[in-house]
Amino acid sequence: MVVAGDEPFPAVYKCDASRRGDHTVVSGLDGTLLRSRSAFPYYALVAFDTGGVLRLALLLLLAPLAAALYYVVSEAAGVQVLVFAATAGARVADIESAARAVLPRFYAADVHPEAWRVFAACGRRWVVTATPRVMAEPFLRDHLGADAIVGTELATWRGRATGLVDVRRGVLVGERKVEALREMIGEGKVPNVGLGDRRSDYAFMRLCKEAYLVPGTAVDVVGADKLPKPVVFHDGRLVQRPTPLAALIAVAWFPVGFLLSVVRVAAGSLVPMPWQYHVYRALGVRITVRGAPPPRPVLTSGRTGALYACSHRTLVDPVFLSVALRRPVSVVTYSLSRLSEILSPIRTVRLTRDRATDAAAIKRLLAGGDVAVCPEGTTCREPFLLRFSALFAELTDDIVPVATECRTSMFHGNTARGWKAMDPFFFFMNPSPQYTVTFLDKLPAEHTCGGGGKSSHEVANHVQRLIASALSYECTGFTRKDKYRALAGNDGVVAAPNKGT
């Protein structure tokens, strides 16, 4: 920490950011581009994502040692302890996956406005950081537009991190940053602007024509709309930024929360649907029902059940729809684990991604009662709705849009990269999860394919807009493939189970 009045460089807010399109800026990360000087939360996210609660507990146990070494011995020694606790034995591919899918959301919520003002104004953007490069690079390149990132390199063996750092460069602090920067710019060249926040940054800042310090005073975060690329998709189970206190609470709650989730899941599977609303409330699950739930359908010759087109937040959306209706509703899904099928209190039917086959299956279900579909095809955590598949609009004119929304305080109840069978358990592990089910008016005949002559895509887009308006969300054209390519590096297609095994 720099003592006030002892700074050899001016504060960053004194930097004129105009006419810097052809300038090169070199910036630190923690405490500079990011408001927080502590990198612990980001190591905690990697630890939990790659090793679960046990690795996070190990990181917490070693955090006091890391802090003591940081202040008493050296900054590099403290960083090495954090690197060991968060990565030792983890697959490098898993660390890279966490950096791509989990960290950007938390990094984006921590960008320093003054540092970003200067960084964004320059045409060439470089970052030098003690944080392992594998952790910081995806966010810096994809969301802040950094051109080059130099960070601490992890030592690896057979595709796994050893928990040590590459001995050739070590932890990138002090003179190590100077050496790395000189390798980047070459002999005789000098960056235009340097940004740092601590004494160990002074060495590389002195190489720059201008240098500015980012003070540690509290500032508001940069709005998501001010970043070159907002974070739409993200993964990982932790909801809150895992500061040491938040991480400690999560670790302490985990065994209690798991037992509670087992009780809640068992109650959902065993208790008759008309009673589930009251049972969930008694077990701490808050359920809010808005709008007028439609009555039970009267199935006569030529009449079918209603089709509920729902927004998709977690795997249990159709369950809470059924709870709100006080009766079970069948649901169609593209992929569902065998465990989730066994535990589900409502009928689940797998779709095949063959349009004709899936249409026939949904029609058969409608002939027997109400059916719930999630036209997005996958969940989204942010206030966005993905593009709606138009298939449901072709099958019936009895369409009821349903806006579902969930709130959790500790764990996310969905994942693109983890074990999906655990989704309901993680949702119910929250101390007091909340679900809101809003029934919108049934589509009038003039807005359907059969009664109004609308195309299926027009109907699907109209339903998407209705639900987005009810939730104050934004409609997007993103699809399931976009999400899974961004988070998991695949198209999100799960192979059908082999019935012969």
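The face of helix H14 turned away from its buried side carries the exposed residues Ala356, Arg364 and Gly368; here exposed means over 50% relative accessible area, buried under 20%, and partly exposed in between, with a 1.4 Å probe and protein chains only. This is a predicted model, where local features need pLDDT of at least 70 and side-chain atom pairs count only at pLDDT 80 or more, while totals for chains, interfaces and linings use all residues. Residues are numbered from 1 along each chain as its sequence is written, and side-chain values use heavy atoms, leaving out hydrogens and water.

**Around H14**

Helices (H or I, at least four residues) and strands (E, at least two) are DSSP runs, numbered from the N terminus. H14 spans residues 355-368, 14 residues in all, and reaches 20 Å from its first C-alpha to its last, close to the 20 Å expected at 1.5 Å a residue; that expected span is 1.5 Å times one less than the number of residues. Which residues of H14 are buried? They are Asp358, Ala359, Ala361, Ile362, Leu365 and Leu366. They cover an arc of only 165 degrees around the axis, which puts them on the same side of H14; the arc is taken from the directions from the helix axis to the C-beta atoms. As background, an α-helix has 3.6 residues a turn, so residues three or four places apart point the same way.

The buried residues of H14 pack against strands E9 (307-310), E10 (330-333), E11 (348-350) and E12 (371-373), with contact meaning heavy atoms within 4.5 Å. After the helix comes Gly369, whose phi is positive, near 150 degrees.

**The two sheets**

H14 belongs with an open sheet of seven strands in the order E8-E15-E14-E9-E12-E10-E11, with mixed pairing; two strands pair if DSSP finds at least two bridges between them. Strand E8 (286-290) and E11 stand at the edges, each with a single partner strand, so one side of each is left without a neighbour in the sheet. E10 and E12 run parallel and are joined by two bridges, and Ser330 stands opposite Val371 in E12.

The other open sheet has five strands in the order E3-E2-E1-E6-E7, and its pairing is parallel. Its edge strands are E3 (148-152) and E7 (210-213), each pairing on one side only. Four bridges join E2 (residues 124-132) to E3, and the bridge partner of Trp126 in E3 is Ala148.

Here are the helices lying on the sheets, with angles that run from 0 to 180 degrees between N-to-C directions of lines fitted to C-alpha atoms, for helices over the stretch in contact.

| Helix | Strands touched or crossed | Angle and reference strand |
|---|---|---|
| H6 (113-121) | E1, E2, E6 | about 130 degrees to E2 |
| H8 (175-185) | E1, E2, E3 | about 145 degrees to E2 |
| H14 | E9, E10, E11, E12 | about 170 degrees to E10 |
| H17 (456-471) | E9, E14 | about 40 degrees to E14 |

**Nonpolar cores**

A nonpolar core is a set of buried Ala, Val, Leu, Ile, Met, Phe, Trp, Tyr and Cys residues joined through side-chain atoms within 4.5 Å. The largest has 112 residues, and those with the most contacts inside it are Tyr43, Leu59, Leu140, Leu144, Tyr308, Phe320 and Leu321. Helix H2 (residues 40-72) gives the most to this core, with 14 residues. A second, separate core of 29 residues includes Leu307, Val332, Leu351 and Ile362.
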